[in-house]
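Visitor: Please take one close look at the cysteine link in this model. Then carry on to the charged pairs and the paired strands, with the values for each.

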Amino acid sequence: MVEVLSESYQNKFGYEGLTRCYQCGNCTAICPVSDGRFPRRLIAHLRWGRIERFDEVWLCLQCKLCDEFCPRDTNPSLAMQTLKRISVENGSVPPHIGEFLMNVYRRRNPWGHSRMKRGEWMKDLNVPTVKDCEFDWLWFVGCANSFDSRVLGVTEKIARILNELEISYAVLGRDEGCCGNDVKRIGEDGLFELLMEENFKVFKRYGVERIITHSPHCYNTFKNDYNIEVKLFLELLHDFINDGSVELKHEFKKVVTYHDSCFLGRYNNIYELPREILRSVPGLKLVEMRSNRRTSICCGGGAGNIAVGYQGKVQPSILRVKEALDVNADVLAVACPFCKIMLEEASKSVNCNLKVLDVVDIVYHSMYGEGL
Amino acid sequence: MRVGVYICHCGFNIAGFLDIDELVRYAESLNDVVIVRDYRFMCSNPGQELIRDDIEKLNLDRVVVAACSPNLHEATFRRVLSESGLNPFFLQIANIREQCSWVHSDKVKATEKAKRIIRSAVERVKHHTALESKRVNVIPRVLVIGGGIAGISASLLIAEAGVEVYLVEREPTIGGNMAKFDKVFPTLDCAACILTPKMTAVKENPNIKLYTNSEVVEVRGSVGNFKVKIRVKPRFIDEDACTGCMECVDSCLYYPTIPSKFDEKIGFRKPIYMPFPQAIPNTPIINPDECLYFITNKCPMYCEDVCEADAINFEQEERIEEVEVGAIVIATGYKLFDPSEISEYGYGRYKNVFTALQVERMLNSTGPTGGRIVVNGREPERVAIVHCVGSRDERYRRYCSRVCCMYSLKLAHLIKERTNAEVYNFYIDMRAFGKGYEEFYRSVLEEVKVVRGKVAEITDIPMNDDERREVERGRVIVVFEDTLLGRVERIPFDMVILSPAIEPSDGTKELARILKVSLDENGFFREIHPKLAPTVVAPGIFVCGCAQGPKDIQDSVAQAESAAGQALSMINRGFVELEPTTAYVDEEKCSGCGMCVPVCPFQAIEVVSVNGHVRARIDESLCMGCGVCAASCPSRAIRHRLFESETIRAEILSLL
């Protein structure tokens, strides 16, 4: 069915920059997961206001790589997001994305774990909650770091480092919800508004003014959609390494390459911070993959794909692992729980010795000589 | 006072938006206004006639025209006044088009604003005093800056009319970028065959004094009377004595290892060199930063030994020459955008990636490869030509560079002809707009592949075994979407030619500062009207060729001859009328503090002694009437003839 949008509909779903596109095809050619049918062709449809059902739009990971290569500032990723919004509005969402949204809606996390279990990871740890102490910083742990066994280790290490540094912080425990970053990226604006409202209520109840988080997804939406003061845990770590409060004593004699998270890199222009931290680890040799910084490719976990796994033919996580192997790295360092989950899985599936570690894992090892 | 107000409809431009009847009624109610008329086009002959009649019959002594910007028709209406026996400065334009009807969305509010604009013009014009224009003689000589095809064409036309020309070129030879080309589109003429006769004509024309290896360093004065300083850098070889035999270059013991700028760094030369065989002047040059004599002082100086004309002179020094001219023609041309900024194209990283100018040099029979296309030591079998490299790109240069489509097609044709390689042109929009261009495009389509799609990436990292084999053969892989097929492709190429954006030459900003003229948002010289005065930059300063914006050779030559015509017209008239709207000093009030001297952008003010008192003095032939001095004067001794304090106050009060 072809539907020509009325002008008001187009105003609602259009975005600034759409008319600048001159259909050069750079975005499609540079996209690691495109099957050739998007983004360029869909931008032409959107511009015409001819909206059919485009299932291929859900292959887009909202990684913004095309935006970097666009000669016209058209922001093809925004066009994709706009088409997703239209699909959501029309109720035509593929099952794997539907499941993600349903889980977030019902249980406030992508996997549908019980909300009651959100605080379980800290059972045996001494972590202050907002109910029992005064605090300067709210540590917003994030869904992956709260529930997923593959990154719980990172969460525990962050807790130990925060305690050791005597930071005045607290966590929300059961009251923590979902930040909604990926919900917004896939165009479910209604649910996003709901989550944001709910989170603001909780922040108000406990007097939260400033947030630290380790998840680039949470960081991005707090910074750019909520407009609330937020700091990355890595920024904190970087400051403490620089002023000597954190001592990196133990050598980490490995060749390490760093994978840029889309939400740190292209969304927020943070490229050097994790690299500087890695460089300060004694013994560590940092090498760069062929796509790095602004041309880095996505792990495949963005835009709601973290729950069920990326459904496209091309698995970007496997491309990424191969790139790391091409530069003979022992360790693929990440700074995002989603990247860690996706890349670890890919590394296992290509059956190689590449270890996927969070920057926090490496710093923790260098501080305490353990934990790997 | 008897003021006439004339409201122009400007077709629909004004009348389609503002309520003209309301404006007429309003203007009639203003003090001292004796007649208000409206008309479809006030600037037309009948419109002008209305004003003329009224001045005569109603004895008007002030006129307000509510119409477009004074930039367009102030001069027209001033002439109407003066033809009717009224001082032309008894006119005020109320701009109700650019500053009102064109820019607002609320018709009622805009009409209210137009009323105020008209009221303030009426109040202002009552304060105007009679001013007389001054005439200044024009020095019958012209300075042309830049010796490319534009500068050469302008110089020749002026010189052939019997007027003396100083042609200043920064490089050791004239000829510019055109001298680098092999053939030109769409006729496929040999570039050298049509250019070198013109270069020789420059050399032989007694009216042209040629300064190569030279730069304009200072320009003072204004239209009709410019005082120019030219820095002439030493060539270390006497141009008059040299016969161009090239023995000196051959004898130099230095190996040709220095990348040649003329050959776009794909050819190499010695510290003593001639950029190309037909260079004018036909004299080699020694670069003192490279020559062993200058660096180490230990050189057997074979060049000096072999020169039978005794032309080599290591003692030559830089000198400054001063000339006086009546007009200046800017023809400083272009340079190519540096494509290494676009990292995904790998220019500078891959040996297969070239700029279009480098390929022009390869194709040229006097170039570094003697006219052969060579990549990695052999002829390419598959060649990609990438249009719009840095042009029409928000990240680099936003404008269209205008010539790339055509020269890319030309290169495609020449490469096909010379190598029989498979040639692909990657374009976004094909712009073949000139005379004969579409026909040329059609004929090239028969021999090359033309793909609509921008190249996204050029890489040597293979995705599969086939690609790995191609990369091992020394090819690079070009990644693009064929947007007409909707298919992403990766094709291996032996050679990739980038067609980079055209940008203003180095030193354009500096020259604009020296000439006190402005540049447009892309850094090219700004003409005062894009359609009606495309070669005029400022009074007495004209521009042509790519210094004004990207253009091809035919347009450059046409514009050069237009600029020459402008200069000749001025010289033939013999004088220019200077606007009397200048600043003047009230010597009673002036304390001679000199605050005004450094603020004047035209160096028109000096402090002199008048009857034993120090006083500022303004040279009115240099003053451009900007008013900075009047604003800076602490004792309000400097005033501006058309902007007296009372005039401005009346204007502002009636706007409020």
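**The cysteine link and its surroundings**

Guide: The link between B:Cys190 and B:Cys193 is right-handed, with 85 degrees about the S-S bond. Residues are numbered from 1 along each chain as its sequence is written, and chains are lettered from A and ligands numbered from 1 in the order in which they are written. The model is predicted, so local features need pLDDT of at least 70 and side-chain atom pairs pLDDT 80 or more, while totals for chains, interfaces and linings use all residues; side-chain values use heavy atoms, without hydrogens or water.

The S to S distance in the disulfide of B:Cys190 and B:Cys193 is 2.4 Å, under a rule that accepts cysteine sulfur atoms within 2.5 Å. Over all chains, that rule gives a count of 1 disulfide. B:Cys190 has a relative accessibility of 27% and therefore counts as partly exposed (buried is under 20%, exposed over 50%, partly exposed in between; 1.4 Å probe, protein chains only).

Two other cysteines show what falls outside the rule. A:Cys262 takes part in no disulfide, and the nearest cysteine sulfur, which belongs to A:Cys298, lies 3.9 Å away. With a relative accessible area of 8%, A:Cys262 is buried. B:Cys307 is likewise in no disulfide. For B:Cys307, the nearest cysteine sulfur is that of B:Cys245, at 6.3 Å. B:Cys307 is buried too, its relative accessible area being 16%.

Charged pairs come next. Over all chains, a search of the whole structure finds 78 salt bridges, each a Lys or Arg side-chain nitrogen within 4 Å of an Asp or Glu carboxyl oxygen.

One of them joins A:Lys231 to A:Asp239, whose closest N and O atoms are 3.3 Å apart. At a relative accessible area of 21%, A:Lys231 is partly exposed, and A:Asp239 also counts as partly exposed, at 37% relative accessibility.

Elsewhere in chain A, the side chains of A:Asp260 and A:Arg275 meet in a salt bridge with an N to O distance of 2.8 Å. This pair links distant parts of the chain, 15 residues apart. A:Asp260 sits in the loop between strand S7 (255–258) and helix H13 (272–279) of chain A, while A:Arg275 is in helix H13 itself. Helices (H or I, at least four residues) and strands (E, at least two) are DSSP runs numbered from the N terminus. Both A:Asp260 and A:Arg275 are buried.

In chain B, B:Glu290 forms a salt bridge with B:Arg269, and the closest N and O atoms are 2.9 Å apart. Here too the pair links distant parts of the chain, with the two positions 21 residues apart in numbering. B:Glu290 belongs to the loop between strand S16 (285–286) and helix H10 (292–296) of chain B, whereas B:Arg269 is in strand S14 (residues 268–269) of chain B. B:Glu290 and B:Arg269 are both buried. Salt bridges with shared partners also join B:Arg378, B:Glu381, B:Glu470, B:Arg473, B:Arg475 and B:Asp494 into one network.

B:Glu169 is another acidic residue worth locating. B:Glu169 lies in the loop between strand S7 (164–168) and strand S8 (183–184) of chain B. Its relative accessible area is 9%, so B:Glu169 is buried. The C-alpha atom of B:Glu169 is separated by 18 Å from that of B:Ile553, which is 384 residues away along the chain.

The paired strands remain. In chain B, 3 strands form an open sheet in the order S11-S12-S17, with antiparallel pairing; strands pair if DSSP finds at least two bridges between them. Strand S11 (214–222) and strand S17 (319–325) of chain B stand at the edges with a single partner strand each, so one side of each has no neighbour in the sheet. Strand S12 (residues 225–232) of chain B pairs with S17(B) over 7 bridges in the antiparallel sense. Within S17(B), B:Ile320 is the bridge partner of B:Arg231.

Further along chain B, strand S33 (residues 605–610) and strand S34 (residues 613–618) run antiparallel and are joined by 6 bridges. The bridge partner of B:Glu606 in S34(B) is B:Arg617. S33(B) and S34(B) form a hairpin with 2 residues between them. In the turn, B:Asn611 has a positive phi of about 50 degrees.

Past the hairpin, B:Ser635 lies in the loop between helix H19 (628–632) and strand S35 (638–640) of chain B. B:Ser635 is partly exposed, its relative accessible area being 30%. The C-alpha atoms of B:Ser635 and B:Asn31 are separated by 34 Å, and the two residues are 604 residues apart along the chain.
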